[in-house]
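Hi! Here is the structure I promised to pass on to you. Have a look at it first, then read my notes underneath.

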Amino acid sequence: MKKWLGKFKTLTLLGLLTIVLAGCGKENLTALAPKGGSADTSLYLIILTTTVMSLVFLAVVIPFVIVLLRFRKKKGDADFIPEQVEGNQKLETIWTIIPIILVVIMAVPTVLATFELADDADASEHININVTGNQYWWHFDYEDEEIATSQDMYIPVDTKVYVHLITSDVLHSFWVPTLAGKLDVNPENVNTMFMDAQEEGVYYGKCAELCGPSHSLMDFKVVAVSEDDFDTWVTDMQDFDSEELELDAIATEGQELFDSKSCLSCHATDNQEYQAGSLPIGPDLTSFADRSRFAGILLPTEENLVDWIVDPETIKPGNKMTGAYDVTEEEAEKIAHYLMQLSPSDVTADSVDQEK
Ligand code: HEC
Ligand SMILES: [Cu+2]
């Protein structure tokens, strides 16, 4: 028994790993449960290629195993060299043509889909969002609507949404597995693709290109809301004016600190001075309190916010905010209290995400 275990240790371990890892994954972070047309196409291609490749695998492995078992030398068999066969034109033709056919079966739909998913001929008739990847956060510029936001990208359901991707620094990759395929984010050329969400919800996005020490924390969310809610959100974002907020005493102090500690030089708090194409140095905080997560990974609570403002480096190594200012914990609490008032709309990530 022990010997048997030893022999199959690697196999047993791999088997266990498969079972354990199969438990990972989230419904809103998987390409295997698509909620958008582009993701449907990707899943179709995944299934097609996996099927073809599995068939090839079986076609090779099954005869191989049969031959191995049936024709092996048994005890008592005489020593002899079997007849040596070489050069069979028929066989060679067959096993050249079959793979060519299989490659065509996989290549044609893949190439067609690749062109179709990158086709932006009708972009101007739909929602367009200029997306900029930054170490380690995402900026979303809605030029037609004249608003900008960061970290949470709002889109209407059942609508084609074009994202035009570029980076302000190193290479990133934009990936919302449940809604669409992933696309590189390059510094010089804009890469475009479209997506649509078939259901309301909060879909998780990832940076899929190693871009620095906090690469794995460069998360974002796509908040898909009904078309009416999207219009409401856009109007709320346009109208929101952080100067006109009715603030209590602590928040007022927080707002003053936000200015005097130079936070305002990197962060916008409303869209009153929106300029198409302009990129802030840090995330736009207009809808900060409505975020699904901030800094990619933290729940927007005052407590988390104080931790972040006091010491962002521990939470996100290598981020571009560390060391840019000096605040005490007490000041951070006041600023945090102020930032939690930045809630322009009732349409929030929370309003569509039941499981958060
Ligand atoms: C030099 C520019 C700069 C200054 C000054 C600055 N920040 Fe930032 N801030 C950033 C950058 C860059 C990020 C993105 C960090 C990341 O996620 O990698 C950020 C992230 C944040 C976030 C998280 C936003 C989100 O939704 O993910 C908050 C909140 C924040 N900063 C608050 C502040 C406050 C408060 C101050 C002033 C005490 C401040 N920042 C000063 C650049 C700056
Ligand atoms: Cu990245």
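Start with two helices that cross: the axes of helix α6 (residues 249–260) and helix α9 (residues 329–339) come within 7 Å of each other, at a crossing angle of roughly 105 degrees. That makes α6 roughly perpendicular to α9. The vocabulary here is that under 35 degrees counts as roughly parallel, over 145 as roughly antiparallel, 65 to 115 as roughly perpendicular, and the rest as oblique. Axes are lines fitted to C-alpha atoms, for helices over the stretch in contact, and angles run from 0 to 180 degrees between N-to-C directions. Helices (H or I, at least four residues) and strands (E, at least two) are DSSP runs, numbered from the N terminus.

Before going on, a word on the source: this is a predicted model, where local features need pLDDT of at least 70 and side-chain atom pairs count only at pLDDT 80 or more, while totals for chains, interfaces and linings use all residues. Residues are numbered from 1 along each chain as its sequence is written, and chains are lettered from A and ligands numbered from 1 in the order in which they are written.

Back to the helix pair. On the α6 side, the contact includes Ile250, Leu257 and Phe258, and among the α9 residues they meet are Ile335 and Tyr338. (Two residues are in contact if their C-beta atoms, placed from the backbone, lie within 7 Å.) The contact of α6 with α9 is made up of six nonpolar, three polar and three charged residues. For that split, Ala, Val, Leu, Ile, Met, Phe, Trp, Tyr, Cys and Pro count as nonpolar, Asp, Glu, Lys and Arg as charged, and the others, Gly among them, as polar.

Just after α6, look at serine 262, in the loop between α6 and α7 (302–310). Serine 262 has a phi near 65 degrees, which is positive although the residue is not glycine. Another backbone oddity is the cis peptide bond between glutamine 135 and tyrosine 136, with omega about -5 degrees. Tyrosine 136 sits in the loop between β1 (127–134) and β2 (137–142). Why point these out? Most residues other than glycine have a negative phi, and most peptide bonds are trans.

Now the sheets. One is open, with five strands in the order β3-β2-β1-β5-β8 and mixed pairing. (Two strands pair if DSSP finds at least two bridges between them.) Its edge strands, β3 (147–150) and β8 (191–195), each pair on one side only. Inside it, β1 and β2 pair in the antiparallel sense over five bridges, and asparagine 130 stands opposite aspartate 141 in β2.

Another open sheet of five strands runs β4-β10-β9-β6-β7, again with mixed pairing. β4 (152–156) and β7 (183–185) are at the edges with a single partner strand each, so one side of each has no neighbour in the sheet. β4 pairs with β10 (residues 220–225) in the parallel sense over five bridges, and tyrosine 154 has valine 223 in β10 as its bridge partner. Helix α5 (residues 227–239) lies across β4 and β10, at about 130 degrees to β4.

Finally, which residues come nearest to ligand 1? They are Cys263, Cys266, Gly282, Phe294 and Met321, out of 29 around the ligand (C-beta atom, placed from the backbone, within 6 Å).

Happy exploring!
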